[in-house]
Every structure is written in structure tokens, then in C-alpha cells.
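Visitor: Hi, got a minute to walk me through this model? I'd like to know what I can read from it.
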Amino acid sequence: MPLPTPRRKRLGQLLQNARKDAGLTQTEAGMHLTHPGKHEAAQAQEVISRAENGKRYVSFIELEDFAQKYGKPLDYFSTWDAASDARLQEAMREYDSQDKI
């Protein structure tokens, strides 16, 4: 089971907010978003719960499915923030300034 990272936790919060905005329970969302017939209701609910708690990796294709089902644009689920971007840019500058062999 993947460990919840800050960005995975943030995505989970966004998924939960979007699901609630759509008026769906975890079980209802899970039954629509998992393979119909493959999961029992409890298993479908667990899939959504783990994603919302940052304990499950969500693929890009799954994220598109969530966005469509919840009626949200894909960028609603963005977890990238300005601070992350600034840290990445600084790391890239440091890397570029190192002597290359």
C-alpha cells in the first residue's frame, strides 16, 4: 500500500470534495467508477476511501473518470502549487550550475 504523500493527500481531499459536491456516497461513486460487477459494494467503497485518504495511487485515466463522473474540469484536481514550482526551479538552477563531466 503506498504511503500518503502531501500531494496524494491533497488529491484525496479534492476527490472527496468533488464527490460530495456531486451528491454521491463513497459506495455510489465506487460502483460507478470501478468495473461494474467486479466489485461488491464494500469493495467499491474501499477503493474510493483509499483514494480519498491518499493511500491509493490514482492513475491519470482514473482521474479523468473521476472528473467526468463528478462534473469537474480535470485541472480542478491539480495538486501542483507555486511553492512546489519554485522549489523545482531552484533545484534545476542548482543542477544546471554544477560542473558537467
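Guide: Sure, one term to start with: buried means under 20% relative accessible area, exposed over 50% and partly exposed in between, using a 1.4 Å probe and protein chains only. By that yardstick Tyr70 is buried, at 5% relative accessibility.

Visitor: What kind of model is this?
Guide: It's a predicted model, where local features need pLDDT of at least 70, side-chain atom pairs count only at pLDDT 80 or more, and totals for chains, interfaces and linings use all residues. Residues are numbered from 1 along each chain as its sequence is written, and side-chain values use heavy atoms, with hydrogens and water left out.

Visitor: What pLDDT does the chain average?
Guide: The average is 85, and 84% of the residues score at least 70. pLDDT is the predictor's confidence in each residue, from 0 to 100.

Visitor: Which element has the lowest mean pLDDT?
Guide: Helix H5 (residues 82-97), at 73, while helix H4 (residues 60-70) has the highest, 95. Helices here are DSSP runs of H or I, at least four residues, and strands are runs of E, at least two, numbered from the N terminus. Where pLDDT is low, the predicted coordinates should not be read in detail.

Visitor: Back to Tyr70. Which residue does it form an aromatic pair with?
Guide: Phe66: the pair is tilted, 5.6 Å centre to centre with 40° between the planes. Rings of Phe, Tyr and Trp (its six-membered ring) pair if their centres lie within 6.5 Å; planes under 30 degrees apart count as stacked, over 60 as edge-to-face and the rest as tilted. Phe66 and Tyr70 are four residues apart in helix H4, so about one helical turn separates them. Phe66 is buried too, at 6%.

Visitor: How many aromatic pairs are there in the whole structure?
Guide: Two. Tyr76 and Phe77 form an edge-to-face pair, 5.0 Å centre to centre and 85° between the planes. Tyr76 is partly exposed at 25%, whereas Phe77 is buried at 3%.

Visitor: New topic: where is Gly23?
Guide: Gly23 sits in the loop between H1 and helix H2 (26-33). With a relative accessible area of 58%, Gly23 is exposed.

Visitor: And how many residues apart are Gly23 and Tyr70?
Guide: They're 47 residues apart in sequence, and 8.8 Å apart in space, C-alpha to C-alpha.
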